[in-house]
Structures are given as C-alpha cells and as structure tokens.
Amino acid sequence: MERSIPCLALVIPCYNEEAGLPHVMGTLDGLLVSLKRDGLLRDDSFVLYVDDGSRDGTWRMIEERNLHNPHSRGLKLAGNVGHQNALLAGMLEIRDEVDCLISMDADLQDDIHVIPVMLERYAEGCEIVYGVRKDRRSDTLFKRCTAGFFYGLMKQIGVRVVPQHADYRLVSRIVLEALAQYGETNLFLRGIFPSMGFSSAVVAYERKERQHGKSKYPLRRMLAFAWQGITSFSGLPLRLAGLCSLSALLLALLLSLLSLLTWARGETVSGWASLMIAVLFLGSVQLFCITLIGEYLAKIYAEVKRRPRYIVEKKR
C-alpha cells in the first residue's frame with residue numbers, strides 16, 4: 001500500500017558555512033518549490049539549517065532567510081558539538097512535525113536530483129533510503145584506498161554499514177521515534193541506522209565537487225571518525241589486545257627455549273642487543289593493550305556522565 005504525499009524536512013548541519021550558504025539556500029528553496037509543484041511534497045515541507053556553533057555569520061544568514069521564507073527554518077546550538085550530534089539535534093527536534101526527512105551536508109556535493117527517487121522508495125514502503133555514491137573518482141587515491149579499507153574492516157568485524165554511504169539518507173517518522181530511544185554519547189549514525197532493521201533501499205548518485213568553502217573533515221578528523229565508528233560498535237579491538245598479549249607470550253617462550261638450547265650446547269648467549277629487543281617488544285605490546293583499554297574506559301566515562309549531547313540556544 002502506497003503512502004500519501006508526505007511532509008518532508010531537509011536537515012542541513014552547518015558549521016562556518018557563510019561563504020556558500022546563500023547558494024545552498026537558493027538551491028534548496030528552488031528544490032522544495034519544484035517538488036511541491038510536482039505533487040511530491042505537502043506545502044508545509046521545509047528546510048531546517050542546524051547551526052553547529054559557527055563562528056562566522058552563518059546564524060545571521062539563517063535568521064534573515066527565515067524572515068523572508070518561513071519554510072526556511074533554523075536551529076542554533078549553544079556550542080560546537082560535532083557533525084553527528086548536530087545532525088541528531090535537527091532530526092530529533094522536528095520528528096513530531098514531519099512524515100520523513102532527508103539529511104545532507106551543506107556543501108551540496110550530494111546530488112539533490114535523486115530526491116524524487118528517494119521519495120518514490122519511501123512511497124513504496126521503505127523506512128530508510130540510503131544515498132550511495134556510484135564511485136569515488138572525485139577523491140584522491142589516498143582517500144579512495146582508506147575508504148575502501150574502512151568499509152572492508154567494518155564488514156570484517158561485524159559492523160553493519162552501507163558501503164559508500166555517508167549521511168545522505170531519507171528516514172521516516174517511525175525511524176526517528178526509534179532513534180530517540182538511543183541515548184549513547186558516542187554517536188555513529190552510519191552504524192546505528194543499518195542496525196535498526198527497518199526496511200530500506202539504496203539510491204545511487206554521482207557526488208559533485210565542493211563549490212564553496214573548505215571541507216570540515218581533514219585527515220585527522222576522518223581518522224578520528226573512523227575510530228569512533230569501530231570502537232562504538234565492536235569490542236574486537238579489546239580482543240585484539242588479548243591476541244597481541246598471547247602472541248608476545250608465545251614469542252617470549254620461544255626465545256626462552258632458544259636460549260636454553262644455546263646454553264645446553266655450551267654456547268654463550270649474546271646479551272644486550274637481544275635482551276633490549278625483547279624488552280622493547282614486550283613493552284610496546286603492553287602499552288598498546290593499555291591504550292586500547294583506556295580508549296574503551298574513556299567511552300564508558302563519557303557515557304555514564306549522561307551529559308546532554310547538544311543544547312538548543314535558539315529556534316527560527
């Protein structure tokens with residue numbers, strides 16, 4: 001049974017997007033008008049810009065836009081809480097007002113022309129529709145290799161993710177209600193949505209080049225985000241620490257056996273260099289294991305404090 005025409009919200013997290021925001025706003029306003037004219041959306045559908053503690057004129061521009069267009073709305077967070085939490089704030093704050101929403105980044109690299117296809121999949125009964133890149137030709141060789149390694153690793157350790165999918169997705173109200181029950185601080189939405197089990201579909205698209213501003217995800221932040229995803233959904237790194245310890249123990253036993261055999265033949269065991277190698281190796285394994293345990297303890301510490309993931313300062 002097909003659904004009725006939905007009330008849709010486009011949720012756009014923004015952080016220091018002053019340079020490109022006028023173009024983004026004009027493009028998305030035009031998109032909504034077109035979709036409403038074609039009978040794909042209800043007239044009360046809107047765009048929600050979530051200001052993630054920007055330090056430039058992003059919020060001022062959102063407020064000015066709202067004065068002239070009530071279907072262009074804003075949500076200002078009290079501080080910078082990161083892309084995932086800003087996205088979560090936008091989704092949860094409007095979940096009672098919409099039938100479904102589509103999240104996307106403010107750089108417009110995600111192809112908005114596939115939104116009608118997403119709405120078709122929603123009308124057919126899908127609760128989640130993932131926007132998936134056809135290829136990564138626009139990325140550097142290093143980024144393509146690291147992305148392939150990340151998705152392959154996530155699959156190997158049992159984390160359900162959609163390959164080549166970022167945060168361009170349509171989710172229905174029932175999914176948003178389920179998402180509100182997730183109280184974790186260490187948020188990785190790309191792993192949460194596939195793990196829910198709702199009916200889903202995939203829509204492929206060509207990712208465009210960024211036209212304005214700079215990427216908010218340099219290499220350091222991308223690595224931190226990948227590590228967040230791995231440690232938020234799998235205890236395998238802790239088991240890896242145990243495996244390293246076992247391997248070090250076996251190596252130490254093997255070295256001891258070789259030393260005893262050498263001593264039994266009446267030969268002198270060479271000392272300082274081999275001893276230091278063994279000490280440094282065992283020490284590095286121990287530090288690695290302690291670091292992994294500390295990472296998970298830090299996550300537990302963040303979770304048990306139960307601090308709010310975001311604080312809303314203003315709404316427009």
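Hi everyone, let me start with one strand pair: β4, residues 100-103, and β6, residues 165-172, run antiparallel to each other and share four bridges. Pairing here takes at least two DSSP bridges between two strands, and the elements are DSSP runs numbered from the N terminus, helices being H or I over at least four residues and strands E over at least two. Within this pair, Ile-102 sits opposite Leu-170 of β6.

A quick note on the source: this is a predicted model, where local features need pLDDT of at least 70, side-chain atom pairs count only at pLDDT 80 or more, and totals for chains, interfaces and linings use all residues. Numbering runs from 1 along each chain as its sequence is written, and side-chain values use heavy atoms, without hydrogens and water.

Now the whole sheet. It is open and mixed, with eight strands in the order β7-β5-β6-β4-β1-β2-β3-β8. Since β7 (200-205) and β8 (312-315) are the edges with a single partner strand each, one side of each has no neighbour in the sheet.

On to the core, please. A nonpolar core is a set of buried Ala, Val, Leu, Ile, Met, Phe, Trp, Tyr and Cys residues joined through side-chain atoms within 4.5 Å, with buried meaning under 20% relative accessible area for a 1.4 Å probe, protein chains only. The largest has 35 residues, and Leu-10, Ile-12, Leu-28, Tyr-49 and Ile-115 touch the most other members. Helix α1 contributes the most, seven residues. Apart from that core there is another, of 32 residues, including Leu-87 and Val-171.

Methods:
Buried < 20%, exposed > 50% of the residue type's maximum accessible area, 1.4 Å probe, protein only.
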